Amino acid sequence: MSETWLILGATSSMARAFIRSVAERGDAVILAGRDMVDMAASATDAKLRGASDAFAMRFDARDPETFGPLIEAMEGREGMLSAAVFVGSMPAQSAIDADPSLIDGTIIDSFTGPARLLQMLAPLMEARGGGTVVGVGSVAGDRGRVGNYVYGAAKAGFHTYLSGLRNRLTRAGGHVVTVKPGFVDTAMTWNVEGMFLVAQPEKVATDILRAVDKKKNVIYTPGFWWAIMTVIRLVPEPIFKKLSI
Amino acid sequence: MSWRPDTYTGWGRALSATGEIARPERLSALEALEAAPACGRRRSYGDACLNGEGRMVDMSRLDRVLSFEDGVLHAEAGLRLGEIMRLFAPRGWMPTVVPGTGYATVGGAIAMDVHGKNHTEGTFGCHVEEITLTQNGKRMVTTPGSDLFGATVGGLGQTGIITSAKIRMTSLEGRSMYVHERRMENWDEFIAELASSEAPYVVGWIDATARGSALGRGVLEEARPVDKNPPPVKGTKSVPVDAPGFALSKPVVRVFNAAYFRRVPSIGRKVTRSFGDFFFPLDRVQDWNKLYGKKGFHQFQCVVPDNNTPALRDMLELIAGSGLASPLAVLKRLSDRSAGMMSFPMEGLTLAVDFPASKAAEALIARLEDMTLDAGGRIYLAKDALSAAATIDAMYPNRAAWTAEAAKADPDGALETDLTRRLELRRT
Ligand SMILES: Cc1cc2nc3c(=O)[nH]c(=O)nc-3n(C[C@H](O)[C@H](O)[C@H](O)COP(=O)(O)OP(=O)(O)OC[C@H]3O[C@@H](n4cnc5c(N)ncnc54)[C@H](O)[C@@H]3O)c2cc1C
């Protein structure tokens with residue numbers, strides 16, 4: 001019996017690549033996001049690539065009203081239930097400095113919104129005794145940097161949430177993969193300066209699916225970011241606070 | 001956020017442009033952009049996909065399959081033809097016409113009205129049933145028979161951004177290609193065999209360094225789909241850095257070509273190839289254009305009508321005598337079935353030869369262009385980086401009519417590229 005994947009933030013290019021990978025395995029996908037026209041196109045694309053079913057539903061991290069119907073749709077599916085979270089927003093730090101209220105939205109988009117939905121989904125997964133949650137965090141969540149510490153803080157919160165959820169779902173046969181991508185070639189990073197070692201979304205999707213299959217807990221993608229972040233984490237705070245990286 | 005400054009090149013890497021590029025991932029993002037020309041995967045060699053005096057819209061992320069019904073595929077323009085093959089060949093379908101690289105996108109295949117190894121089927125555009133254009137943020141649908149359609153197919157992107165298209169596919173009886181390879185000892189044998197071949201897919205590799213009695217020797221490949229499993233797929237290789245200048249020097253190419261010719265036994269051989277290996281042989285080596293080093297290379301491709309085939313032999317003689325050619329040289333048949341006012345094909349033979357970029361190569365190509373013009377032929381704009389307005393005008397009789405159509409669709413010339421400016425194609 002096929003698995004159903006709920007994809008939160010289905011319009012991002014990382015999500016698209018991931019949807020294509022699970023579609024080619026014959027899984028079903030529910031694409032959740034805000035741009036219904038775009039997701040309708042991606043849903044047909046997924047079906048023609050082999051998804052046993054694919055359709056789009058509205059999801060807005062800042063509008064909890066949209067959560068209930070998604071949970072209902074998942075409940076109506078047979079087989080294993082899984083979810084992958086690709087949502088998040090990263091306003092420029094300078095924009096946040098000018099308008100600190102942007103912090104709330106960033107935290108909702110990147111952490112509390114999806115966390116709340118996962119919290120509603122967890123009992124269904126437990127009841128079915130399996131399934132996987134893929135949570136896309138960020139290397140930015142590993143340490144606060146002057147350039148984007150609000151986004152980093154949101155993702156750090158999300159990482160911790162995922163670790164707790166893993167602890168919980170493991171008991172019921174489920175699994176949680178925390179994904180920490182480095183720089184990925186997406187619309188979000190298209191015109192951001194200072195990017196290096198940029199990975200294609202397809203590479204990230206392949207890495208995620210491998211991690212799902214092997215039941216990895218936390219992965220960096222591309223893998224070399226593990227080494228980079230290990231070094232960055234090891235820099236003592238008295239030194240780190242003077243760096244601008 | 002949409003526009004990013006960059007310096008970029010076509011496949012030949014001899015010409016480059018500096019300008020801003022947007023790469024929309026959604027239709028809404030595309031439609032919000034100010035008018036600018038579009039590109040696919042930049043598999044055209046020269047400056048068709050460059051805009052050094054403005055902006056460029058990269059369509060590679062709008063690449064979804066929108067529907068597939070009764071053999072008609074509706075796809076976004078950025079979808080690669082190789083991806084269509086990968087997805088649909090196992091279900092028994094393929095695009096009726098594909099060029100020699102699977103990286104070409106649906107948009108690029110339409111805008112150049114590309115041809116394949118099956119000349120009897122005509123060009124890619126002959127199998128397009130509908131095109132959706134974005135003209136200055138607005139959607140416009142065009143179908144065969146309309147002037148806009150004729151100006152869009154082979155129209156170098158000058159009528160608007162091709163956003164999606166419906167393509168009639170061909171049903172494919174088989175899982176792989178059965179290829180009959182034969183040595184052609186000289187020019188006369190080669191053209192006689194090309195003319196009489198009845199195989200659905202035919203392509204010739206020609207040794208552009210062989211001279212004298214061996215002039216025009218090569219390997220003829222005749223192929224048809226077959227219901228056999230393809231041999232296991234070999235992994236792709238890639239060229240990580242620019243090769244040094246001597247990599248394609250005269251002696252190296254001569255030795256390589258001789259070996260490539262003898263690889264096929266004198267009595268010929270029959271082999272089974274995967275679709276990918278047969279249709280897109282060069283795609284197995286990623287970024288092979290870097291083999292030509294930093295200076296890049298040019299491809300000369302012309303078509304010469306059947307009554308003037310001897311002129312093509314003269315050209316080959318000149319090329320062989322120059323010692324400038326690389327191993328990549330192809331001889332194929334074309335038919336006059338094409339779908340656009342500016343389409344390249346005509347009934348005759350087409351010759352394509354790659355040359356490492358140099359002053360000598362430029363001079364040689366200029367002579368070859370003159371010879372093509374004298375022979376009543378034309379050169380292919382997907383490959384051109386060097387030609388001049390007067391030459392192209394003389395080769396493309398529908399140019400003025402096409403320009404008028406393009407002007408209706410794009411009155412301000414916002415879609416001009418380096419190629420259309422260099423060749424003054426939009427001049428009325
Ligand atoms: C190894 C190799 C083999 C080849 N073999 C063949 C062959 O056998 N037969 C053949 O005909 N050609 C062949 N070509 C040429 C190639 O098929 C064409 O140049 C094709 O147009 C490349 O597609 P692209 O998507 O990369 O387009 P680009 O090179 O990016 O653009 C080509 C042109 O199309 C326009 N364009 C692209 N996308 C759009 C769009 N969405 N809307 C409007 N305009 C657009 C551009 O403005 C430009 O004028 C070959 C090329 C290579 C590298």
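Guide: Before we start, one bit of vocabulary: helices (H or I, at least four residues) and strands (E, at least two) are DSSP runs, numbered from the N terminus. Also keep in mind that this is a predicted model.

Visitor: Good, let me try that on a loop. Where is B:Asp287?

Guide: B:Asp287 sits in the loop between strand E16 (285–286) and E17 of chain B. Its phi is positive, about 55 degrees, although B:Asp287 is not a glycine. Chain A has a case too: A:Lys215, not a glycine either, has a positive phi of about 50 degrees, and A:Lys215 lies in the loop between H7 and E7 of chain A.

Visitor: And which peptide bond is cis?

Guide: Look at the bond from A:Thr221 to A:Pro222, with omega near -15 degrees. A:Pro222 belongs to the loop between strand E7 (218–221) and helix H8 (225–234) of chain A.

Visitor: Now the interface. How much area do chain B and chain A bury between them?

Guide: The general idea goes like this: interface size is often quoted as the accessible area lost when the parts come together. In this model, chain B and chain A bury about 2000 Å² between them, with 42% of it on carbon and sulfur atoms. On the chain B side, B:Arg4, B:Arg23 and B:Arg64 supply 29% of the area buried against chain A, more than any other three residues. The contact draws 23 residues from chain B and 21 residues from chain A.

Visitor: How many salt bridges are found across the interface of chain B and chain A?

Guide: General idea again: side chains of opposite charge can pair when their charged atoms come close. Across this interface there are 7 salt bridges, while the structure holds 54 over all chains. One of the pairs is A:Asp185 with B:Arg61, at 3.5 Å, N to O. That pair crosses from the loop between strand E6 (175–181) and helix H7 (201–213) of chain A to the loop between strand E4 (56–58) and E5 of chain B. B:Arg26 and A:Asp35 also meet through their side chains, at 3.3 Å, N to O. Counting polar contacts, you get 20 residue pairs between chain B and chain A, both residues at pLDDT 80 or more.

Visitor: Which element gives the most to the side of chain B that touches chain A?

Guide: E5(B), with 4 residues. By class, that side of chain B has 10 nonpolar, 3 polar and 10 charged residues.

Visitor: On to sheets. In what order do the 8 strands of the open sheet in chain B come?

Guide: Read across the sheet rather than along the chain. The order is E15-E11-E13-E12-E18-E19-E17-E20, with antiparallel pairing. Strand E15 (269–273) and strand E20 (378–379) of chain B each have a single partner strand, so one side of each is left without a neighbour in the sheet. At the E15 end, 5 bridges join E15(B) to strand E11 (residues 176–184) of chain B, and B:Tyr178 has B:Thr272 in E15(B) as its bridge partner.

Visitor: What lies across strand E12 (201–206) of chain B?

Guide: Helix H8 (residues 309–322) of chain B does, and H8 also lies across E17, E18 and E19 of chain B, running at about 160 degrees to E17(B).

Visitor: Which strands pair with E10(B)?

Guide: Among them is strand E6 (residues 72–76) of chain B, antiparallel over 5 bridges, with B:Glu76 opposite B:Ser164. Strand E8 (residues 128–135) of chain B pairs antiparallel with E10(B) over 6 bridges, and there B:Glu130 partners B:Lys166. Strand E7 (residues 93–95) of chain B adds 3 antiparallel bridges to E10(B), where B:Pro95 stands opposite B:Met169.

How values were computed
Residues numbered from 1 in each chain as written. Chains lettered and ligands numbered in written order. Predicted model: local features only at pLDDT ≥ 70, side-chain atom pairs only at ≥ 80, totals over all residues. Heavy atoms only, no water. Contact = heavy atoms within 4.5 Å. Buried area = accessible area lost by both parts, 1.4 Å probe. Salt bridge = Lys/Arg side-chain N within 4 Å of Asp/Glu carboxyl O. Polar contact = N/O pair within 3.5 Å; in protein donor to acceptor, adjacent residues only side chain to side chain. Nonpolar A, V, L, I, M, F, W, Y, C, P; charged D, E, K, R; others polar. Pairing = 2+ DSSP bridges. Axes fitted to C-alpha atoms, helices over the stretch in contact; angles between N-to-C directions.
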